[in-house]
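Visitor: Hey, have you got a few minutes to go through this one with me? I'd like to ask about bits of the fold as we look.
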Amino acid sequence: MKIHEYQARDIISAAGVPVPPSQTIDSIDQAALAFKSATSGMAQPLAVIKAQVHAGGRGKAGFVKLVKTPEEATAAARFMLTTRMKSPQTPPEGLEVKKLLVAAGVDIAKEYYLAITTDRATRRNVLIASAEGGVEIEEVAKKNPDAIVKEFLDPRLGLQGFQARRVAVKLGLTGSLINQAASIMTKLAKVYVERDCTLAEINPLVLTPAAPGDKNPDGKLLAIDAKFNFDDNGLFRQAQV
């Protein structure tokens, strides 16, 4: 079973993974207020509006838009909620968009890929990470397989802190970012087991540059997109999904 991005964000946020402020809407007249809510406190308001559909290619199809004003947010919502989304991953007639995610925009210095899945060859769960985030991991594996880092999880203990920190270092992270990344990885691994997942993915995990006067000069890691697949055989334990 698959869920929408906004539901995946709710899951990782509840687990303690940092995500930008966001709101889900299902009508055009909610867009302006959702924009103001998501960008509250920002010196230069910026939000991203994403169609919530079970298909890729949203950006190229025009169903992921950056907006800077409530009026732009309303226009984007009107387009997405009144137009069927068509991409190489949808049926020829496209998909109806019923919900939109309105999230605060962030400055991005670097993008990373994180996922937990099951390696069928070894029958163990595995953490997969890459410093080349924001693209499909299959493309990274094809073009630059050395850019992918793998760490197998102990069946009883799960992902250990030292393993997560080791992966963070291999991704090129330094300073406080190592522990930030390790915390996100261990929380994602815990969710993977507790929710009977077959895939728990954050793509991209982004590094935002430190703002003037920020207590953390290394910047901050935020999950701005997530994807979960669930084992149908475990759904009887997952009434909240």
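Visitor: Which strands does helix 2 lie across?
Guide: Bear in mind that this is a predicted model. Helix 2, residues 31-38, lies across strand 1, strand 2, strand 3 and strand 4. Its direction is at about 30° to strand 4, which is residues 100-104.

Visitor: And what does helix 3 touch?
Guide: Helix 3 covers residues 70-82 and packs on the sheet, where it touches strand 2, strand 3 and strand 4. The helix 3 direction makes about 165° with that of strand 3.

Visitor: OK, the sheet itself. What's the strand order?
Guide: The order is 1-4-2-3, in an open sheet of four strands with antiparallel pairing.

Visitor: Which strands stand at the edges, then?
Guide: Strand 1 (22-25) and strand 3 (64-67). Each has a single partner strand, so one side of each has no neighbour in the sheet. As for twist, the average is 20° from one strand to the next.

Visitor: How many bridges join strand 2 to strand 3?
Guide: Four, with strand 2 (residues 47-51) and strand 3 running antiparallel. To pick out a pair, A47 has V67 as its bridge partner in strand 3.

Visitor: Switching topic: where does N203 lie?
Guide: N203 is in strand 8, which spans residues 197-208.

Visitor: Buried or exposed?
Guide: Buried, because its relative accessibility is 14% and the cut-off for buried is under 20%.

Visitor: So what does N203 touch?
Guide: Leaving out residues up to four places away in sequence, N203 touches Y112, Y113, G133, G134, V135 and D225.

Conventions
Residues are numbered from 1 along each chain as its sequence is written. This is a predicted model: local features need pLDDT of at least 70, side-chain atom pairs count only at pLDDT 80 or more; totals for chains, interfaces and linings use all residues. Side-chain values use heavy atoms; hydrogens and water are left out. Two strands pair if DSSP finds at least two bridges between them. Helices (H or I, at least four residues) and strands (E, at least two) are DSSP runs, numbered from the N terminus. Axes are lines fitted to C-alpha atoms, for helices over the stretch in contact, and angles run from 0 to 180 degrees between N-to-C directions. Contact means heavy atoms within 4.5 Å. Buried means under 20% relative accessible area, exposed over 50%, partly exposed in between (1.4 Å probe, protein chains only).
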